[in-house]
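Please look over the structure shown below before reading on. The briefing that follows is grouped by topic and moves from charged pairs to helix packing.

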Amino acid sequence: LCFLLLSKLQSSRGIAFFASALFAVHPLITQTVAWIPGRNDSLVAIFIMLSFLSMTRSATTGEMRFTLLHILFFFLALLTKESALAFPLLCLYYLFVFVRVPVVSMKSVQYVAGWIGAVTLWYFMREAALSGLHRAYTLGTLVSNLRTVAESLGKMIVPVRLSPYATNDNLSLTIGIVAAVVILTVMALNKNARSRLSIFGILWLVLSILPSLVVHIADSAHRFSYLESRAYLSVAGVSMFIAGVFETNLVRLQSWVTRSFLLLIILFSIIAFRYSTVFHDDISHWEYATRMAPQAAEAYYCLGVAYMHEKDLRKAIESYEHAVELDSSNFAYHNNLGIAYGQQNLLEKAELEFATAARQNPSDPMAWSNLGLVSYLKHDLAGAESNLKKSLAADSTFTDALRMLISLYSSKGDRDQVTYYSEKLRNAMMMQGLPTKPK
């Protein structure tokens, strides 16, 4: 699709092939290809490119069926990812600059009406689907995330410091700023570098990545600052820019251009292949993430979860402890560290972590339930009873706490309480759609 797009934008087949091949193997888009949550970025790119190709056919032939396909694919792109909202701006640039459609004309009104209709339908569907959910998109968030544009550009030019859990990186930021200055300087001094296609490529790059900057990442000091997968469509803009510059400047140096492109494609392929191994399994993923983002508490926490799945409690405890050291205010870190301690029979340490988690988030039933379990294992039945009832006060249908209270009262021979909590357990399981018959 990238190759066809470049060809429709009046790039020669040779330049279009090499530029789209760079897009295909660029290391920065590895996360989109190899990481399941990144699939929406590749899917929206497919719909955007199909929509644009349909519009080029519609604009040149005037056939209504291609106009309708253009609107349909744009609507599908909106349903896939909200970043598609910026796409009509790229379409307007193409219509006014490449096709020379008059600003006020039946054709331009036709496209604008289609976009408005698609966005309106999408908006009401979105509101119905996300009714009641809090969504904070602010100008302040956009401004605070602007450095992501420079960092992403830096990784597009020099693909180093790639990370599945990217945090703000000064090296990529510096490379991106220098690259932006160089590009703008060359374009200012060299008329050929200001071709329609190269300018369109820059617009494509910026407008593809800007919408994602309104997403607020809470506590970015301990979490990822951005996701590389979101740069997928923007990398296609780099290919357009390259095609535009090389098409107009290096026609006489075809052999030199060809060798350079081939070497770059081989180099990028090797880097991308090596980087793809990071997404082979959860431990590889999070171990690499912690190396690239050593101050990201959440990365260490996720690594601990991965080690727990593999029953490697020693490494899980090390990872959880590191997460707590970086961010002691997160109750989930304390809770999981307590679970790991408990499985190692380190009950005193487990009790301390569960107590901290319960204190930090008293409305969470899990921490109180875990604290009750530790008290039970320490033969502190009064403490176990108290903590388990606090768990039920937070969530009266929390089945773990109900089961433990049944076990506790069974050990005490209190049949009335056993009957009472057994009935509550049965009702809770029915509410949650769980089988109520004992195995």
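**Charged pairs and helix packing**

R65 is exposed, since its relative accessible area is 52%, and this residue forms a salt bridge with E63, in which the closest N and O atoms lie 2.8 Å apart. The model is a predicted one, and a search of the whole structure finds 13 salt bridges, some of which are described below.

**Salt bridges**

- In the pair formed by R65 and E63, the acidic partner E63 is partly exposed, with a relative accessible area of 28%, whereas R65 at 52% is exposed, because the cut-off for that class is over 50%.
- The side chains of E385 and K412 also meet in a salt bridge, with an N to O distance of 3.8 Å.
- This second pair links distant parts of the chain, as E385 belongs to helix 20 and K412 to helix 21 (residues 399–412), with their positions 27 residues apart in the count.
- E385 counts as buried at 18% relative accessibility, because buried means under 20%, while its partner K412 counts as partly exposed at 44%.
- A further salt bridge joins the side chains of R426 and E423, at 3.1 Å from N to O.
- Because R426 and E423 are three residues apart in helix 22 (residues 415–431), about one helical turn separates them.
- R426 counts as partly exposed at 38% relative accessibility, and E423 likewise counts as partly exposed at 38%.
- Salt bridges also link E82, R126 and E127 in a network.

**Helix 21 against helix 22**

- Helix 21, which holds K412, packs with helix 22 at an angle of about 160°, and the axes of these two helices are 9 Å apart.
- Helix 21 is therefore roughly antiparallel to helix 22, because angles over 145 degrees are placed in that class.
- The contact involves T399, L402, R403, L405, I406, Y409 and S410 on the side of helix 21, and Q417, V418, Y421, S422, K424, L425, A428 and M429 on the side of helix 22.
- The crossing in which helix 21 passes helix 22 is left-handed.

**N387 in helix 20**

- Helix 20 spans residues 381–394 and contains N387.
- Why does N387 count as buried? The relative accessibility of N387 is 10%, and the class takes in values under 20%, so this residue falls within it.
- When residues up to four places away in sequence are not counted, N387 touches W368, L371, G372 and S375.

**Helix 6 and its surroundings**

- Helix 6 comprises 12 residues (87–98) and reaches 16 Å from its first C-alpha to its last, which is close to the 16 Å expected at 1.5 Å a residue.
- The buried residues in helix 6 are F87, P88, L90, C91, Y93, Y94, L95 and F98.
- Which helices do the buried residues of helix 6 pack against? They pack against helix 4 (39–61), helix 5 (64–80), helix 7 (106–129) and helix 11 (196–209).
- After helix 6 comes R100, a residue whose phi is positive, near 60°.

Methods:
Residues are numbered from 1 along each chain as its sequence is written. This is a predicted model: local features need pLDDT of at least 70, side-chain atom pairs count only at pLDDT 80 or more; totals for chains, interfaces and linings use all residues. Side-chain values use heavy atoms; hydrogens and water are left out. Helices (H or I, at least four residues) and strands (E, at least two) are DSSP runs, numbered from the N terminus. The expected span of a helix is 1.5 Å times one less than its number of residues. Buried means under 20% relative accessible area, exposed over 50%, partly exposed in between (1.4 Å probe, protein chains only). Contact means heavy atoms within 4.5 Å. A salt bridge is a side-chain nitrogen of Lys or Arg within 4 Å of a carboxyl oxygen of Asp or Glu. Axes are lines fitted to C-alpha atoms, for helices over the stretch in contact, and angles run from 0 to 180 degrees between N-to-C directions. Angles under 35 degrees count as roughly parallel, over 145 as roughly antiparallel, 65 to 115 as roughly perpendicular and the rest as oblique. A crossing is left-handed if the near helix is turned anticlockwise from the far one by less than a right angle, and right-handed if clockwise.
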